[in-house]
Amino acid sequence: MGSRGRPKGGRDWDFEPEPEPEPVPPPVVALGRVEGGRAERRRTARKVRRRRRTRRAGEVPLLVVVALCIALLLKTFLVQAFFIPSGSMEQTIRIGDRVLVDKLTPWFGSEIERGDIVVFKDPGGWLKGEAARPPEDPIGVKQIKQALTFIGLLPNEQDLIKRVIGIGGDTVKCCDGRGRVTVNGSPLDEPYVNPGNTPSDIPFEVRVPEGRLFVMGDHRANSSDSRFHLDEGFQGTIPESGVVGEAVMIAWPRGHWTRLEQPATFRMVPDQARREGRGRRRRRRGAPFA
């Protein structure tokens, strides 16, 4: 190396500095695009909300139809609620009570038995002897009520409710030496009769035709039952085909909740139909009426 610091060989080395990188410009924020994205999201959210509202609005009629179908099926095959407008069954069932009527039993071949409380269609003119019915509804309201009654959401106010005293083949008579109603010669002990009432103030003796029922209200002094139609065809008995169902429970009001069972006294009645070889199917029973 020479005296001046150059390498031997006589050539100088040139060291060129590396160029500095060009500064990168800051990212440009597209304000228009950002604002546009927010607007798009808002529009999408509104569309989703509209679709949900539309779907819910479409589901409501479907739910109503399903509910009506269920109510119609219940009313047709299972149970139906009935409003009690008169006092003919007091004190067992009082005015304003709602009873549940079993409509399933007949579909399994069981038959109505003595002591059952049944709801049945007016055989003709019986309602006139009951307590005053509510006044006629105005046009429009009447048709709506009829539709709701048909599907089972309202009770039918043109039906009656009584207790079965005699079935086809029975002989029902009043009264024995102690003032009791007898069925096939067996006297009935009737604790369900309204206090202060006699078993019957009307003497009668009826042989119940097959397929028909002799019925009486528990409030004997306030019940237009079979006794008041003895001079009519079939001696005041009603057809089994007109029975809507068996009242099994008082469902409303809460203070009246109770199950309606067959009174024990009817289990002591000899069955003339069975004696004559025409045995009747009997359904299973719970505890006797208290």
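Select Arg 163 and Tyr 192. The charged end of Arg 163 sits over the ring of Tyr 192, 4.0 Å from its centre. Keep in mind that this is a predicted model. Next, select Arg 254 and Trp 257. Here Arg 254 lies over the face of Trp 257, and the distance to the ring centre is 5.6 Å.

**The whole chain**

Zoom out and show the cartoon. The protein has 3 helices and 12 strands. Of its 290 residues, 34% are buried. Now turn on the surface. About 18,400 Å² is exposed, with 58% of it supplied by carbon and sulfur atoms. Which contacts account for 72% of those with a separation of 6 or more? They are the ones between residues 24 or more positions apart.

**Confidence**

Colour the chain by pLDDT. The average is 76, and 61% of the residues score at least 70. Select residues 29-35. The pLDDT stays under 50 there, and the model has 1 contact for this stretch beyond four places in sequence. Then select residues 277-290. Their pLDDT is also below 50, yet this stretch has 42 contacts in the model beyond near neighbours in sequence. Where pLDDT is low, the predicted coordinates should not be read in detail.

**Strand β1 and its partner**

Select residues 79-83, which form strand β1, and show the side chains. In a regular strand the side chains alternate between the two faces of the sheet. Which residues of β1 point to the buried face? Gln 80 and Phe 82 do. Val 79, Ala 81 and Phe 83 point to the other face and are not buried.

Add residues 98-102, strand β2. β1 and β2 pair in the antiparallel sense, over 5 bridges. Look across from Phe 83: Arg 98 of β2 stands opposite.

**Strand β3 and two neighbours**

Move to residues 117-121, strand β3. How many of its 5 residues are buried? The count is 4, so the strand is mostly covered.

Show residues 159-166, strand β4. β3 and β4 run antiparallel and pair over 5 bridges. Then show residues 243-252, strand β11. β3 pairs with β11 as well, again in the antiparallel sense, over 3 bridges.

Centre the view on Phe 120. Its bridge partner in β4 is Leu 160. In β11, Val 243 stands opposite Phe 120.

**Aromatic rings**

Stay with Phe 120 and add Trp 126. A pair of aromatic rings is described by the distance of the centres and the angle of the planes. The count for this model comes to 3 aromatic pairs. One of them joins Phe 120 and Trp 126: the pair is edge-to-face, 5.7 Å centre to centre, with 90 degrees between the planes. Both Phe 120 and Trp 126 are buried.

**Last stop: His 256**

Follow β11 to its end and go on into the loop before β12 (258-259). His 256 lies in this loop. Is His 256 buried or partly exposed? His 256 counts as partly exposed because its relative accessibility is 21%, and buried means under 20%.

Show what surrounds His 256. Leaving out residues up to four places away in sequence, His 256 touches Arg 94, Asp 97 and Ile 250. Pick the C-alpha atoms of His 256 and Arg 94. They are separated by 8.9 Å, although the two residues are 162 residues apart along the chain.

Terms used:
Residues are numbered from 1 along each chain as its sequence is written. This is a predicted model: local features need pLDDT of at least 70, side-chain atom pairs count only at pLDDT 80 or more; totals for chains, interfaces and linings use all residues. Side-chain values use heavy atoms; hydrogens and water are left out. Rings of Phe, Tyr and Trp (its six-membered ring) pair if their centres lie within 6.5 Å; planes under 30 degrees apart count as stacked, over 60 as edge-to-face and the rest as tilted. Buried means under 20% relative accessible area, exposed over 50%, partly exposed in between (1.4 Å probe, protein chains only). A charge sits over a ring if NZ of Lys or CZ of Arg is within 6 Å of the ring centre and within 35 degrees of the ring normal. Helices (H or I, at least four residues) and strands (E, at least two) are DSSP runs, numbered from the N terminus. Contact means heavy atoms within 4.5 Å. Accessible areas come from the Shrake-Rupley method with a 1.4 Å probe; for residues, only the protein chains shown count as cover. pLDDT is the predictor's confidence in each residue, from 0 to 100. Two strands pair if DSSP finds at least two bridges between them.
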